[in-house]
Structures are given as structure tokens and as C-alpha cells.
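Biologist: Please take a close look at one turn in this structure, and then place it in the rest of the chain. I am new to this structure, so plain terms would help.

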Amino acid sequence: MRYDIVVLGSGPAGLSAAVAARGRNKSVLVVGNRWQDSPLARAECVDNYLGLPSMTGAELMDRFTRHAEESGASLVTGKVISLMAWEGFHLTVGNELYEGSSLILAPGVVRQAKYPGEMEYLGRGVSYCATCDGMLYRGKPVVVVGRSKDAPREAAYLKELGCQVVYVAAQRPEGLDPAIPFVQANRLEVEGEQTVTGLRADGSLLPCSGIFILREAVAPTDLLPGLETEKGTIRVDRRMATNIPGVFAAGDCTGRPYQYAKAAGEGNVAVHSALAFLAQPQEEPR
């Protein structure tokens with residue numbers, strides 16, 4: 001199914017966008033974490049949201065989520081591991097593929113430091129998606145950098161494809177296939193020439209052709225490399241439009257203040273801008 005609007009992020013900004021989209025009878029898909037895992041859900045008392053004083057963060061997130069669900073929005077729990085902007089937007093979530101005609105980024109603040117060499121070799125041996133790129137490395141040595149709960153499963157998938165897998169993490173994870181060699185390390189550095197040639201782990205070189213860095217979340221700038229940022233936040237105008245046609249952003253990812261009311265308001269604005277974009281005649285694919 002192709003959705004009119006796809007929203008990445010299930011916090012106040014993303015859910016506000018979903019409700020606003022459904023209010024205009026647009027199909028909308030929200031991809032994000034469980035609301036119980038939201039930072040807001042851990043707040044003991046939220047006293048500054050208009051009309052809903054003295055509520056716990058869990059109560060607010062439960063209300064926000066139920067409102068979006070009852071409006072008819074489709075909610076999917078998962079991590080977007082790849083995104084392609086071509087004749088709309090094509091997203092991979094786990095093993096599922098979704099399509100949208102416009103995109104709203106509302107992931108909150110994704111805090112993740114890059115490893116030395118990671119960005120230089122992104123697409124030239126460094127990947128964030130085993131499902132997407134695993135077949136490219138069949139029969140070749142690869143390293144999985146496990147920074148997410150599902151990383152052991154992804155490592156097993158690569159092994160099933162025929163890759164020669166080594167798993168690297170600060171601690172050995174539960175569920176890792178005993179047949180997959182494990183290396184405990186904290187300081188990592190990607191090395192290469194034209195493409196990746198190895199991963200240096202606490203000073204020791206692990207030769208490989210590919211490195212799969214599997215984090216809990218992938219930053220929007222990694223999913224859309226051409227996305228403009230400013231001081232670590234997604235650059236938007238007053239319409240919440242980014243520099244990429246059809247892509248809008250809302251909430252904490254656009255910068256301070258980190259307030260729920262601000263996030264919800266930006267989500268609403270982003271939807272109205274997405275509606276204006278969808279109403280424009282779209283170029284026919286060549």
C-alpha cells in the first residue's frame with residue numbers, strides 16, 4: 001500500500017502529524033518505537049501541556065497514541081533501516097517495505113557519535129542494513145558492530161547468506177550464535193582505501209570487506225544523505241519544509257526548545273505543508 005504521508009517518529013510531533021493528516025482524510029503511516037520507550041513516557045509529572053495538567057508522561061503518551069490509532073492512522077513499531085527517495089519514498093522497516101508520497105521526519109533527537117572513518121566509507125563498505133546489503137558480501141568477511149537489540153539476529157542472517165561474520169561489541173550480547181566469533185572492543189575505527197579494508201577494534205585490525213553498524217536508531221541524515229542540517233538539527237523553514245522536495249520535519253529534530261507543545265504544533269504545520277505539496281502537479285517519471 002502507498003500512503004499519502006509517511007511519518008518517521010511516534011512522539012508528540014509524529015502523532016500530532018498523524019491526527020492532522022487523518023483529519024484531512026489522508027492515509028498516513030507512523031513508524032516508530034513503542035510509546036513505552038519514549039523519553040516522555042518516563043516523566044513523573046508533566047505540568048506544562050495546555051489543558052492536560054498534572055499528568056504523568058506515560059498517561060500523555062498513552063492518550064496521544066490512542067488518539068492517533070482511533071483517528072485511523074496506521075502505526076508500525078520498528079526501525080527504518082533504509083530510505084530511498086524515488087517517485088515518492090520507499091522505506092524498509094525490518095523485512096517490510098512501505099511507500100509514501102510525502103515524508104515527515106519527527107524522530108526526536110538521535111544522539112549517536114560516528115566512528116572515525118564511518119562517514120567516509122558509507123556506501124563503500126559501511127552499511128546500516130544487513131537485509132538491504134547482505135547479498136553484496138556473500139562469501140566475504142564482514143564485521144557486525146552490534147549496537148542494537150536485533151543485531152545478533154542480523155548477524156545470524158548474514159551468516160546464513162554465506163558471509164564470514166565477526167561480531168564486535170562492548171559486551172557479548174544474549175542470543176548471539178555461538179558459531180559467530182565475538183570480539184570485545186570499545187574503540188573502533190573504519191579503515192580502507194577505495195573501499196573498506198578493515199575495522200580497527202581497540203588497536204587490533206579485523207580485515208573485512210564490509211562493516212554493518214547496527215544501532216537502535218538511524219539518524220535522518222544517514223537515511224537521506226542530502227538532507228541539510230544546521231548545528232546538528234534538521235534545517236527547515238516556517239512551513240517545516242526541508243531542502244528535499246516532499247520532505248518535512250517537526251519536533252525536537254528541528255532544534256530547541258524541546259517542548260511537547262512545540263513538537264505537536266510543528267507536526268500540525270508539517271502536515272498542512274505536506275498537503276500543499278501533494279496538491280501540486282507531480283512530474284511524470286521519465
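**A turn and its surroundings**

Modeller: Strands β4 and β5 form a hairpin with 3 residues between them, and E87, which sits in the turn, has a positive phi of about 50°. This is a predicted model, in which local features need pLDDT of at least 70 and side-chain atom pairs count only at pLDDT 80 or more, while totals for chains, interfaces and linings use all residues. Residues are numbered from 1 along each chain as its sequence is written, and side-chain values use heavy atoms, with hydrogens and water left out.

The two arms of the hairpin are β4, residues 80-85, and β5, residues 89-93. They run antiparallel and are joined by 5 bridges; two strands count as paired if DSSP finds at least two bridges between them. One of the facing pairs is V80 with V93, the latter in β5.

The hairpin belongs to a protein chain with 6 helices and 17 strands. Helices (H or I, at least four residues) and strands (E, at least two) are DSSP runs, numbered from the N terminus. Along its principal axes, the C-alpha trace of the protein chain spans about 55 × 55 × 35 Å.

A second hairpin is found further along, made by β12 and β13. Here 2 residues lie between the strands. D202 in this hairpin takes a positive phi near 50°. Strand β12 covers residues 196-201 and pairs with β13 in the antiparallel sense over 4 bridges. G198 has P207 as its bridge partner in β13, and R200 stands opposite L205 of that strand.

This hairpin is part of an open sheet of 3 strands, in the order β11-β12-β13, with antiparallel pairing. At its edges are β11 (188-192) and β13 (204-207), each of which pairs on one side only. From one strand to the next, the twist averages 30°.

Another open sheet has 5 strands and parallel pairing, and its order is β7-β14-β8-β9-β10. Its edge strands are β7 (126-127) and β10 (182-184), and each of these pairs on one side only. Within this sheet, β8 (residues 141-147) and β14 (residues 210-215) are paired in the parallel sense over 6 bridges. For V143, the bridge partner in β14 is I211.

The helices come next, beginning with α1. Helix α1 (residues 12-23) packs against helix α6 (residues 260-279) at an angle of about 40°, and the two axes are 7 Å apart. Axes are lines fitted to C-alpha atoms, for helices over the stretch in contact, and angles run from 0 to 180 degrees between N-to-C directions. With that angle, α1 is oblique to α6; under 35 degrees counts as roughly parallel, over 145 as roughly antiparallel, 65 to 115 as roughly perpendicular and the rest as oblique. On the α1 side the contact (heavy atoms within 4.5 Å) involves P12, A13, S16, A17, A20 and A21. On the α6 side these residues meet Y260, A263, A264, G267, N268 and V271.

Helix α1 also has a contact with helix α2, residues 57-71. Their axes come within 9 Å and cross at roughly 25°. The helices α1 and α2 are therefore roughly parallel to each other. From α1, the residues P12, L15, A18, V19 and R22 make this contact. From α2, they are M61, F64, T65, H67, A68 and S71. P12 is thus listed in the contact with α6 and in the contact with α2.

Two loops beside these helices hold further backbone details. In the loop between α1 and β2 (28-32) lies N25. The phi of N25 is near 60°, a positive value in a residue other than glycine. The loop between β17 (247-249) and α6 contains P257. A cis peptide bond joins P257 to R256, with omega about 0°.

To return to the part at the start, E87 has a positive phi of about 50° in the turn between β4 and β5. D202, in the hairpin of β12 and β13, likewise takes a positive phi, near 50°.
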